[in-house]
Structure formats: structure tokens, C-alpha cells
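User: Here is a chain I would like to go through by its definitions. Please set each value against its cut-off.

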Amino acid sequence: MKKESNLKRLLRYAGSYKYLTIASWILSALSALVALLPFVYIWKVIKEVLDVAPNYRDVQDLSHNGWMAVVFAVAAILIYIAALICSHLAAFRVQANMRTKAMHHIVTLPIGFMDGIGSGKVRKIVYESSAATETYLAHQLPDKANALATPVGLIVLLLVFDWRLGLLSLLPVAAAFVIMSVMTGKRMAKKMEEYNNALGQMASEAVEYVRGISVVKTFGQSVFSFRRFKEAIDNYEKWVIAYTKDLRFPMMCYTTLVNGIFAVLIAAALVMTSGGVTNEFLLNLIYYIIITPIITLTLTKIMYASENKLIVADAMSRIDSILETEPLPETDHPKHPKDNSVELSGVSFRYKDAERNALENISLTIRSGEHVAFVGPSGGGKTTLASIVARFWDVREGSVKIGGVNVKDIPKEELMDTVSFVFQDSKLLKTSILENVRMAKPDASRGEILKALHDAQCDDILEKLPQGVDTVVGAKGVYLSGGERQRISIARVMLKNAPVLILDEATAFADPDNEAKVQAAFNVLAKGKTVLMIAHRLSTVTGADRIVVIRDGKIEDTGTHDRLKDKNGLYAEMWRQYNKAAKWKVGVSNA
């Protein structure tokens with residue numbers, strides 16, 4: 001089955017606005033033909049001047065022909081402006097519809113999708129790829145229609161006055177067109193894909209670099225401390241330099257040919273007038289020298305339109321990479337959890353393109369209302385285990401159950417109402433604190449939101465803000481610390497009041513004062529709930545009902561704090577190291 005062209009797909013995004021796009025092509029082509037008419041009157045002006053020379057006072061139609069040239073030139077401009085108005089209206093609609101469709105699809109994808117692809121790359125695909133289509137529809141397609149219509153009129157004009165000079169004018173054009181076809185063919189499509197890949201990788205790594213810039217500045221490091229970002233820049237540099245050198249010779253030939261048409265005409269004129277020159281030949285030569293720059297402009301428009309077509313093709317394929325990502329499957333026979341217990345049976349999971357499993361044959365049962373802490377070395381699989389409980393990903397082997405029901409059989413909305421997740425780096429939107437908290441329960445009253453903020457120990461935050469709970473975060477210099485953002489995020493989770501709670505390094509960015517308030521908020525939040533806590537600060541897990549030690553994707557040990565710290569195992573070693581680090585102080589030399 002033949003694949004639908006990118007242009008047809010873009011027009012489907014336009015809806016009824018596609019007729020404006022078609023109108024823009026017609027108007028642009030018409031403006032190209034009208035724009036050639038002034039040259040006819042310029043030829044008449046030159047002819048009359050040469051005919052009456054040197055008695056220039058005998059001219060009769062000079063003023064008329066001059067004004068007609070101006071009228072048609074202005075008319076061509078106005079028609080072209082009308083074409084651009086039509087094309088822009090359609091292009092903006094396509095861009096908006098494309099972004100809307102992409103974002104609506106993204107919210108149906110598992111949360112793990114964003115972790116896997118990276119927020120910087122998603123932003124580049126959604127915004128920059130759709131912006132590329134806007135440029136193509138609003139400017140390049142009308143220009144292409146203009147550029148394709150122009151040669152039709154030009155061929156007539158070039159051949160009607162002196163066919164010999166006309167053919168000579170077209171020879172460099174034909175050679176330049178061949179070179180342009182080579183530069184903008186399939187090889188260019190591959191290069192354009194490589195170019196956008198390099199840009200996308202650099203954008204993604206740049207986001208990660210900016211997020212960690214505070215660490216870089218604190219320790220006086222340079223860009224080399226972010227090796228992947230440096231490598232992305234270096235790879236982009238190598239690609240650009242190699243590609244530029246590759247196109248250097250063909251681009252030089254193309255530029256010389258399209259800009260040297262007049263030189264061919266002059267050389268031909270010297271040969272053709274060796275026996276003498278007539279007024280008619282001189283008239284046609286001057287006219288051809290004046291009109292041939294249009295050929296250069298036309299070919300350049302066609303070249304950029306061809307290049308932009310490749311850019312759009314690549315942009316559409318990147319948008320497709322998101323739209324073709326399937327949401328997690330929904331069951332046709334939904335079931336409902338009977339309680340808040342969590343059970344993992346023979347669970348194994350591997351991330352896309354990973355060489356080994358992140359989780360290996362995990363079996364674990366957590367009773368309703370039980371508080372369980374996951375500890376272990378970084379990269380051991382703690383966050384992955386918690387993520388599959390919330391169904392950020394689907395397991396490849398085994399099953400995950402909540403309340404005795406496989407999470408795959410629980411409707412998506414009900415699962416989200418059942419499980420709350422507090423991340424280590426909580427995000428707030430640029431809106432009021434009230435609306436940030438209300439996201440958890442859109443129909444919540446102001447009183448319910450204020451109570452959730454009070455229970456989350458946020459009273460001191462609201463007191464110092466200019467408009468209290470109605471203060472817009474991130475506007476007019478109102479910014480919150482990591483610990484303060486975390487407490488507001490906890491208020492959001494409190495308002496949601498889901499029975500299963502997952503805490504992923506929730507105090508990681510909190511100072512001692514904020515950590516105490518966050519812990520107090522957790523004590524209120526966790527009452528009566530099943531809690532899965534991920535932590536590196538072992539002091540925060542000593543009161544857990546059970547501690548699960550995870551290393552290399554496997555459960556190494558389970559038990560209470562008192563039991564595990566007295567065993568000769570990984571947890572005991574981690575506890576000793578933790579206490580050693582807690583007692584460490586900066587030494588002051590007395591020397």
C-alpha cells in the first residue's frame with residue numbers, strides 16, 4: 001500500500017483551512033505571472049528609447065509604459081501578500097492541531113515514556129518539528145508555486161524576443177538545476193535526518209546540563225564534567241564541518257552558474273555581433289541581461305523549497321515517533337481492587353535497548369496499611385520497582401497486583417486514584433499554589449485545599465507570600481525552595497487521598513528545617529495507607545514496618561531495621577557507613 005504523502009497529511013491537519021492553502025498556491029502562481037508583465041513594458045521603454053535616439057524628445061509612450069510597469073509590479077505584490085495571508089492562516093491551524101494531537105497522545109502514554117525519551121527531546125519534537133511544518137506551509141509552498149509558475153512565463157519571454165539568446169540563457173540554468181537535484185536528493189534526506197538527530201541529542205543533553213549547573217558551579221567544574229553533553233557538541237561539530245566540506249564544490253558550481261548567466265550572454269553577444277550590431281539585437285541583449293536575475297531567484301526558491309521538504313519529512317517522522325507509540329493497553333473487562341495490598345509475583349523488567357534486566361524475578365507481598373521501605377545501592381532497581389506498581393511501565397514477566405487485581409485489569413483512572421507518587425524533585429506549574437494543589441482533585445473546594453496545605457506543614461510558606469495561596473509560583477520573582485515545593489506537592493497528594501502511597505527519595509532536596517516539616521507531613525499523609533518508601537537516608541526508614549534490601553534488580557534481604565542492622569549483610573554495612581558519615585565533621589588543624 002502506497003504511503004500517504006506528507007503534504008496530504010499536513011492538509012488533513014488543516015481541516016477546512018486546507019482550501020486556504022490551495023488558494024495560496026493559486027494566488028502565488030498568479031502573482032509570479034503578473035510580476036513578469038513589468039518586464040514586457042520595460043522592453044517597450046528600452047525599444048522606444050533606442051528607436052528615437054538621439055531625439056529623446058520624440059518619445060510618446062514612455063510615461064504610459066513606465067506606469068504600466070509600476071501598476072503590474074504593485075499588483076503582483078498585493079496578490080502575493082494575499083497568498084501569504086491565506087497560507088499563514090492555514091499553517092497556524094496545522095501547527096496548532098499538530099501540537100494538540102501530539103500532546104493529547106502524550107498524556108495517554110505511560111509516565112515512564114517521558115523518563116525514557118527525555119523532556120528536552122519531547123519538547124524539541126512537539127514544538128520545533130511542528131514549527132518546521134508552519135514555515136513550510138506558510139512560506140515555502142507558496143514560494144514553490146511561485147517558483148514553478150515563473151519559468152513558464154520566463155520561457156515565453158526568453159524565446160519570444162530572441163530565441164538564440166533565450167536558449168543561451170537556459171543552458172547555465174539547466175546545468176545548475178542538475179547540480180541542485182544532486183544536492184537535494186535522497187542523500188540530502190539522509191543527511192537531514194543525521195542533522196536533526198545531532199541537534200536533538202544536543203538539546204536533550206543541554207537540558208540535563210542546565211539542570212545540573214548548580215553542581216558544576218559549586219565544585220568549579222567545566223563542561224567536561226558533563227561528558228555526554230560535551231560529546232554531543234563534538235559530534236555535532238564534526239558532522240557540520242564534514243557536511244559543509246562535502247557540499248563546498250557543488251555549491252560553488254551552482255552559485256557560479258546561476259549568477260553567471262549574464263556573462264554567457266555577453267560572451268555570445270561578442271561573437272554574434274562580430275559583423276556589426278543592430279538596435280534590435282542591442283535591445284534584446286539589454287532586456288535579457290535585465291530579466292535573467294529572475295532565473296537565479298527562481299532556482300534559489302526551488303532549492304530552499306526542496307530542502308524544506310526534506311526538513312518537513314524528517315519533522316513528520318519525528319512526530320510519528322510519538323504518535324505511533326502505543327499507550328498501555330486497557331482491559332475490556334475491568335476489575336476493582338478489594339483492598340490496598342500490593343503483590344509482585346515473579347516480576348522481571350528490562351528497559352528498552354538495555355543489555356540486562358533492571359528487575360529479576362521479584363516476588364513480594366505488601367499487606368494493606370503496611371509501610372515498606374526499599375533501600376540499596378543506586379541503580380539497584382528501587383525506583384523501577386515502585387514505578388511498575390504505579391504502572392509507569394508494564395512488566396515483561398510476572399504480575400503486579402493491587403488489592404488482588406492485576407494492575408493491567410484496573411481502569412487507568414481508577415489506578416491513578418488508587419496510587420499516589422511523590423517524586424524526589426517535585427514539579428509545580430506556573431499558576432497559583434491553589435491551582436497547583438487542586439490538580440489532584442479538580443472539584444475540591446477552597447477549604448479542602450487550605451486544609452491539605454495545613455496538614456502538609458505549608459502554613460509558613462503561605463504567610464510569607466504576597467497573595468498567600470493565590471500567589472502564582474514562578475511569577476514576579478516568587479520562587480520556592482526544593483523543600484517548599486515538596487511540601488506543596490505533598491499537599492496535592494493529601495488532597496488526592498489515594499490509599500497506596502509511593503515516596504521516591506521525597507526528602508532528597510530538603511534542608512534540615514524543611515526535612516523535619518516534610519517528615520511531619522508524611523506522618524499525617526501515611527496514616528491508614530499502604531506506603532512504599534525509597535530512601536538513601538537510612539534514618540528515615542528505621543520506623544518502617546519492613547525494609548526490603550535491593551541490589552542488582554534482586555531482593556537481597558527483608559526485615560525490620562533492628563533485625564537487619566544486626567545481620568552481617570548489605571543493610572548492616574550501609575547502616576555502619578551511614579552512621580560514620582553522619583558523625584563526620586570538618587577537622588580544624590591546630591598546627
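User: What makes you say that both faces of S7 are covered?

Analyst: The model is predicted, with local features taken at pLDDT of at least 70, side-chain atom pairs at pLDDT 80 or more, and totals for chains, interfaces and linings over all residues. Residues are numbered from 1 along each chain as its sequence is written, and side-chain values use heavy atoms, without hydrogens or water. Buried means under 20% relative accessible area, exposed over 50%, and partly exposed in between (1.4 Å probe, protein chains only). On one side of S7, Val 500, Ile 502 and Asp 504 are buried, and on the other side Leu 501 and Leu 503 are buried. In a regular strand, side chains alternate between the two faces of the sheet. Strand S7 spans residues 500–504, and five of its five residues are buried. Strands (E, at least two residues) and helices (H or I, at least four) are DSSP runs numbered from the N terminus.

User: How do you know that S7 and S8 pair?

Analyst: Two strands pair if DSSP finds at least two bridges between them. S7 and strand S8 (residues 530–534) have five bridges, in the parallel sense. Within this pairing, Val 500 has Thr 530 of S8 as its bridge partner. Strand S6 (residues 419–422) also pairs with S7 in the parallel sense, over four bridges, and Val 422 stands opposite Leu 503 in S7.

User: What makes S2 and S5 edge strands?

Analyst: Strand S2 (359–366) and strand S5 (405–406) each pair on one side only. They belong to an open sheet of four strands with the order S2-S1-S4-S5 and antiparallel pairing. S1 and S2 have five bridges in the antiparallel sense, and Leu 344 stands opposite Leu 364 in S2. H13 packs on the sheet, where it touches S1, S2 and S4, and its direction makes about 120° with that of S1. That angle lies between N-to-C directions, on a scale from 0 to 180 degrees, with axes fitted to C-alpha atoms (for helices, over the stretch in contact).

User: Why is the pair of Phe 349 and Tyr 351 called edge-to-face?

Analyst: Rings of Phe, Tyr and Trp (its six-membered ring) pair if their centres lie within 6.5 Å; planes under 30 degrees apart are stacked, over 60 edge-to-face and the rest tilted. The centres of Phe 349 and Tyr 351 are 4.9 Å apart and the planes stand at 85°, so this pair is edge-to-face.

User: Why is the pair of Phe 349 and Trp 393 called tilted?

Analyst: The centres of Phe 349 and Trp 393 are 6.0 Å apart with the planes at 40°, so the pair is tilted. Phe 349 lies in strand S1 (residues 342–349) and Trp 393 in the loop between helix H13 (382–389) and strand S4 (397–402), so the pair ties together parts 44 residues apart in sequence. Ring pairs link Phe 349, Tyr 351 and Trp 393 into a cluster. At 4% relative accessibility Phe 349 counts as buried, while Tyr 351 at 31% counts as partly exposed, and Trp 393 at 22% is also partly exposed.

User: How do you know that the charged end of Arg 93 sits over the ring of Tyr 17?

Analyst: The rule asks for NZ of Lys or CZ of Arg within 6 Å of the ring centre and within 35 degrees of the ring normal. The charged end of Arg 93 is 4.2 Å from the centre of the Tyr 17 ring, and it is classed as sitting over that ring.

User: Which residues touch the most other members of the largest nonpolar core?

Analyst: A nonpolar core is a set of buried Ala, Val, Leu, Ile, Met, Phe, Trp, Tyr and Cys residues joined through side-chain atoms within 4.5 Å. The largest one has 46 residues, of which Ile 433, Leu 453, Ile 490, Val 541 and Tyr 571 touch the most other members. Helix H18 (residues 482–496) gives the largest share of this core, six residues. Apart from it lies another core of 32 residues, including Val 347 and Ile 534.

User: What is Ile 490 in contact with beyond its sequence neighbours?

Analyst: Contact means heavy atoms within 4.5 Å. Leaving aside neighbours within four places in sequence, Ile 490 is in contact with Val 422, Ala 456, Val 518, Ala 521, Phe 522 and Leu 525.

User: Why is Asp 552 called partly exposed?

Analyst: Its relative accessible area is 48%, so Asp 552 is partly exposed. Asp 552 has a positive phi of about 55° although it is not a glycine, and it lies in the loop between strand S9 (546–551) and strand S10 (554–559).
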